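Biologist: Before I plan anything at the bench, could you walk me through this model step by step?

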Amino acid sequence: MEVKQMRQKLHQFIDSMEDEKAAAIYTLLENELDTDSYRRKLVLQERQAYLAGEGALYSWEDVKQMAKQDPARKG
């Protein structure tokens, strides 16, 4: 079955399903459907962690040094 046919079947299924099933499927896919909200949430979480001094912070010099390191060598 081609993707175009799959999409058509999905549209038909969604258009004819019961409201409860539609709500359940939407809940499962909500993060995928509302990517802007999800991304915003992730950015805010990272910002809060940064402001709280959590996680690893690196200077530009540290970053350049890590980029030059052999990935097979740890440390």
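The conversation below goes from the overall form of the chain to its helices, its surface and its side-chain contacts.

Biologist: Which order do the elements of the chain follow from the N terminus on?

Modeller: Bear in mind that this is a predicted model. The chain holds 4 helices and 0 strands. Read from the N terminus, the order of the elements is therefore given by helices throughout, under the rule that helices and strands are DSSP runs, and it reads α-α-α-α.

Biologist: What radius of gyration does the chain have, set against a compact globule of 75 residues?

Modeller: Along the principal axes, the C-alpha atoms fill a box of roughly 60 × 35 × 15 Å. Burial is scarce too, as 3% of the 75 residues count as buried. A compact globule of 75 residues would come near 11 Å, whereas the radius of gyration of the chain is 22 Å.

Biologist: How much of the area that the chain exposes is supplied by carbon and sulfur atoms?

Modeller: The chain has 3% of its 75 residues counted as buried, and it exposes about 7,600 Å² in total. Of that exposed area, the share supplied by carbon and sulfur atoms is 53%.

Biologist: Where does α2 bend?

Modeller: Helix α2 has 15 residues, and a straight helix would reach 21 Å at 1.5 Å a residue, yet the end C-alpha atoms of α2 are only 18 Å apart. Alongside that shortfall there is a bend of about 45° in α2, and the residue at which it is placed is T27.

Biologist: How many of the 17 residues of α3 are buried?

Modeller: Helix α3 covers residues 35–51 and reaches 24 Å from its first C-alpha to its last, close to the 24 Å expected at 1.5 Å a residue. Just after α3, G53 takes a positive phi of about 75°. As for burial, α3 lies largely in the open, because the number of its 17 residues that are buried is 1.

Biologist: Which helix gives the largest share of the nonpolar patch?

Modeller: The patch lies on the surface and is formed by L10, F13, I14, I25, Y26, L28, L29 and L33, which together have about 830 Å² of accessible area. Both α1 (3–16) and α2 (19–33) supply at least two residues each. L29, one of the patch residues, is found in α2 and is partly exposed, with a relative accessible area of 41%. With 5 residues, the largest share comes from α2.

Biologist: Which side chain meets K64 in a salt bridge?

Modeller: A search of the whole structure finds 1 salt bridge, and its distance is 3.1 Å from N to O. The two residues are 3 apart in helix α4 (residues 60–68), so about one helical turn separates them. K64 is partly exposed at 32% relative accessible area, whereas its partner is exposed at 51%. That partner of K64 is E61.

Biologist: How far apart in space are K21 and Y38, C-alpha to C-alpha?

Modeller: K21 has its place in helix α2 and counts as partly exposed, at 45% relative accessibility. Along the sequence, K21 and Y38 are 17 residues apart, while in space their C-alpha atoms are separated by 23 Å.

Biologist: What distance separates the C-alpha atoms of Q65 and L42?

Modeller: Q65 lies in helix α4, where its relative accessible area of 49% makes it partly exposed. Q65 and L42 are 23 residues apart along the chain, and the separation of their C-alpha atoms is 28 Å.

Definitions and conventions: Residues are numbered from 1 along each chain as its sequence is written. This is a predicted model: local features need pLDDT of at least 70, side-chain atom pairs count only at pLDDT 80 or more; totals for chains, interfaces and linings use all residues. Side-chain values use heavy atoms; hydrogens and water are left out. A salt bridge is a side-chain nitrogen of Lys or Arg within 4 Å of a carboxyl oxygen of Asp or Glu. Buried means under 20% relative accessible area, exposed over 50%, partly exposed in between (1.4 Å probe, protein chains only). Patches are made of residues with over 30% relative accessible area and no salt bridge: like charges are joined within 9 Å, nonpolar side chains (Val, Leu, Ile, Met, Phe, Trp, Tyr) within 5 Å. Accessible areas come from the Shrake-Rupley method with a 1.4 Å probe; for residues, only the protein chains shown count as cover. The expected span of a helix is 1.5 Å times one less than its number of residues. The radius of gyration is taken over C-alpha atoms; the globule rule is 2.2 Å times the number of residues to the power 0.38. The bend at a residue is the angle between axes fitted to the seven residues ending there and the seven starting there.
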